[in-house]
2 protein chains.
Amino acid sequence: MADTEQTRALAGRYFATMAARDWDAFAALVAEDVVYELPQTSERITGRDDYVRFNREYPGDWRLEVTRLLVDGDTAAASMNFTVGAEQLVGLVFLEVGDGLVRRVTDFWPEPYEPPTGREHLVERLPGTTDRFGAS
Amino acid sequence: MADTEQTRALAGRYFATMAARDWDAFAALVAEDVVYELPQTSERITGRDDYVRFNREYPGDWRLEVTRLLVDGDTAAASMNFTVGAEQLVGLVFLEVGDGLVRRVTDFWPEPYEPPTGREHLVERLPGTTDRFGAS
């Protein structure tokens, strides 16, 4: 199992190079056979070249801010506020690392929805302070 | 900061008692002023009594299986496959603990969606092995 603090440094560099669009530095952190999965769309990208290209080609003037980063051995979990133009999204990411590289990435993109009825007696409606959805 | 292994034991009991619908044992793990947030709906529940009631009253014959659990100091991140009748959902949860109790819970419920066009040259479409969406 990877050391938690090594994983923390790697995960920090992963998000920092992505946020900076420093794709050469980003590519150097990723295993040649990296697997990227989006379970909500059943999409999978395999291999460093295609994964870096996917990120490089991602459309729009996006910016990301990491809002949580938890590291546990050779795994990490993060959340981020992701802004594309006037739209604000939240991304949730799990990383698996090994041999000093990111080996697997799983991304989730939850979306706002209207709550079901029947629990109004228990809830308040307040915008979250950490996770930002919606038009900016 | 809480000890990571104490947090791991608490998080494990939290999900185990929830899965078992053992609400008395579950309530004993939760702070009296616990805050539960659903950022996608901007819903917030405050306090142990209402939070336990929310879980106890949650409709349907649901079952949960924890698929990832990462622990880092006084925080934990988990994913679960959540089945309600024939429907399969994925839940993503962040826990914050203190003084041996769960103090804050943030839940996300991402949903399946159709992928945007323009990246077909990079992706395969395959069902995920860890995260299960859809009708069972």
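**Strand pairing across the chains.** I started with β2 of chain A, residues 43-46, and found that this strand runs antiparallel to β7(B), with two bridges joining them. This is a predicted model, so I'm reading everything here as computed. I then looked for the partner of R44(A): facing R44(A) is E124(B), which sits in β7(B).

**Salt bridges.** Next to R44(A) in the numbering I checked E43(A), whose side chain forms a salt bridge with that of R119(B), N to O at 2.6 Å. How many salt bridges does the rule find across the interface of chain B and chain A? I got four.

**Polar contacts.** I ran the polar contacts too, and 18 residue pairs turned up between chain B and chain A, with both residues at pLDDT 80 or more. I wanted to know which elements of chain B make up the side touching chain A. At least two residues each come from β2 (43-46), α3 (48-56), β3 (62-72), β4 (75-84), β5 (87-98), β6 (101-108) and β7 (124-125) of chain B. Which element gives the largest share? I noted β3(B), with five residues. Sorting that side of chain B by residue type gave me 24 nonpolar, 14 charged and eight polar.

**Area.** I looked up the extent of the contact last: chain A puts in 46 residues, and chain B puts in 46 residues. Between them the two chains bury about 4300 Å², and 57% of that lies on carbon and sulfur atoms. In chain B I picked out R44(B), Y113(B) and L122(B), which lose the most area to chain A and together account for 15% of what that side buries.

Methods: Residues are numbered from 1 along each chain as its sequence is written. Chains are lettered from A and ligands numbered from 1 in the order in which they are written. This is a predicted model: local features need pLDDT of at least 70, side-chain atom pairs count only at pLDDT 80 or more; totals for chains, interfaces and linings use all residues. Side-chain values use heavy atoms; hydrogens and water are left out. Contact means heavy atoms within 4.5 Å. Buried area is the accessible area (1.4 Å probe) that two parts lose on being put together, summed over both. A polar contact is a pair of N or O atoms within 3.5 Å; within protein, one must be able to donate a hydrogen and the other to accept it, and residues adjacent in sequence count only if both atoms are side-chain atoms. Helices (H or I, at least four residues) and strands (E, at least two) are DSSP runs, numbered from the N terminus. Ala, Val, Leu, Ile, Met, Phe, Trp, Tyr, Cys and Pro count as nonpolar, Asp, Glu, Lys and Arg as charged, and the others, Gly among them, as polar. Two strands pair if DSSP finds at least two bridges between them.
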